[in-house]
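Dear colleague,

I am passing on the structure we spoke about, together with some notes on what came out of it. Please look at it first and then read on.

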Amino acid sequence: MSAPRKMHLGWFMNFTRPAWTTPWVSADEAREWTNGDYHVDWIRAMERARFDFMMLEDSSMVSDGFRGTMHADLKHSLYAPKHDPLALAPVLARETRHIGIVTTASTSFYPPFLLARSLSTIDHLSGGRAGWNIVTSSEDRAAQNFGMDVLHEHDSRYDRADEFVEVVEGLWNSWGDGALVADRATGTYVDADHVAPIHHDGRFYKVRGPLNTLPSPQRRPVYLQAGGSPRGREFAARHADAIICAAQGVRDMREFRDDIRSRAKGAGRDPDSIKVMYITLPIVAASQSEADRIHEEMRHPGEAAVEVSLGHMGALTEIDFSAVDPDAPLGALETNGHRTTLEKFLALGSTLREATGAWATRYTNPAFVGTPDKVAAAMAEEFDEVGGDGYLITGGGSRKAIAELTDGLVGALADLGRVRRRYEHELFRDNLMAF
């Protein structure tokens, strides 16, 4: 009898406050997360559970997408305060040995040379564990912090991103393997014959190069991407090592994975070189009744939770839902922002009130509600049926919630033989491709 297939695990989070309204986060901790200690403890727990990576989402704005003010964003700390994940990455690297550290950086705002240099440095500092979540951004308010009035049109942002990746890869490869010689006899530290400018002069970028950092352990970071639109899927299939998938239900999950694999093959890639990671929010508790209670509370949000949901949607889509009748049919809406997010939100209900009520549990499979053993068994069953590569957990935000997942759920998955019990390799990419 063959061994059961193992799943990869990541955790989707950001460099922001913990779940400060819960009784499991102290008043001091709600204020002092900025020193990075809370996230250090979080990633240590993940490494003990043998997660593949921590993924740090990011944005660059204070949103006024709900009711035209920053009130909801700041009151509920939705998009601010949020600190820079690239600066946190070296701190996390120093406190861990094996887990991948993925930081988000936008191709719409970073200059390619600057980002290539930063990620190369992080890969050095982490011993080859850097990852890059490639985003094109979706918020005009963020664009206005970088000298733009509005973002470029949705699909053209991916055109720019394609060239951006071409440039940074050229920079990472501008040093040959034999460049560093450190030869005392000749007084030569770097052999100039192994370093060359890239002279990139393209449609969107002009970069001379070469990069002024040494080649990093992985040469380039592991690429993550979350494009759900047709153009986003095309980009992801062409470049990504792992893809973040927001599909829910076996049929949609399988459709997404089959589509990505088909696109990858069309782009000349081995489909097995791309790991599809399904976002999920398991609700794990010591008893089924306690997990059911938490789930019910999430399914019937109070007024504050509704404001949180609409604040998120306003920020991501640039649509102010406060102007929409909550009980009228939603109809068709368009955005130059997160198109897939809007599409999935509108599919949650025929009215705004219905859609908002379902928003909090959009990533929760009803079968993933219960004790660690019960949820682990349900995840393994879905995993086998879909044929995917792993899960990207979201949620958490308190030490109790972290332990319930890293010690409880992942412990149960380990008992089923569904996750790794040790890291097989030194480099992040090699561990991600190990199975």
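How much area does the chain expose, and what share of it do carbon and sulfur atoms supply? The model is a predicted one, and in it the chain exposes about 19,400 Å², of which carbon and sulfur atoms supply 50%.

As for the overall fold, the secondary structure of the chain comes to 16 helices and 14 strands. The radius of gyration is 22 Å, close to the 22 Å that the globule rule gives for 435 residues, so the chain is as compact as a globular protein of that length. Taken along the principal axes, the box that the C-alpha atoms fill is roughly 75 × 55 × 50 Å. Of the 435 residues in the chain, 50% are buried, and among contacts with a separation of 6 or more, 73% are made by residues 24 or more positions apart.

The chain carries 48 positive and 62 negative charges, and the mean positions of these two sets lie 3 Å apart.

One element that I would like to describe in more detail is helix α8, which spans residues 230-239 and is mostly covered, with 7 of its 10 residues buried. The buried residues of α8 are R231, G232, R233, F235, A236, A237 and H239. Their cover includes the strands β4 (130-135), β9 (222-225) and β10 (242-245), together with the helices α7 (154-172) and α9 (250-266).

With best regards

Technical notes:
Residues numbered from 1 in each chain as written. Predicted model: local features only at pLDDT ≥ 70, side-chain atom pairs only at ≥ 80, totals over all residues. Heavy atoms only, no water. Helix = DSSP H or I, 4+ residues; strand = E, 2+ residues; numbered from the N terminus. Rg over C-alpha atoms; globule rule 2.2 N^0.38 Å. Buried < 20%, exposed > 50% of the residue type's maximum accessible area, 1.4 Å probe, protein only. Contact = heavy atoms within 4.5 Å. Areas by Shrake-Rupley, 256 points an atom, 1.4 Å probe, with all protein chains shown as cover. Lys, Arg positive; Asp, Glu negative; His and termini not counted. Charge placed at Lys NZ, Arg CZ, Asp CG, Glu CD.
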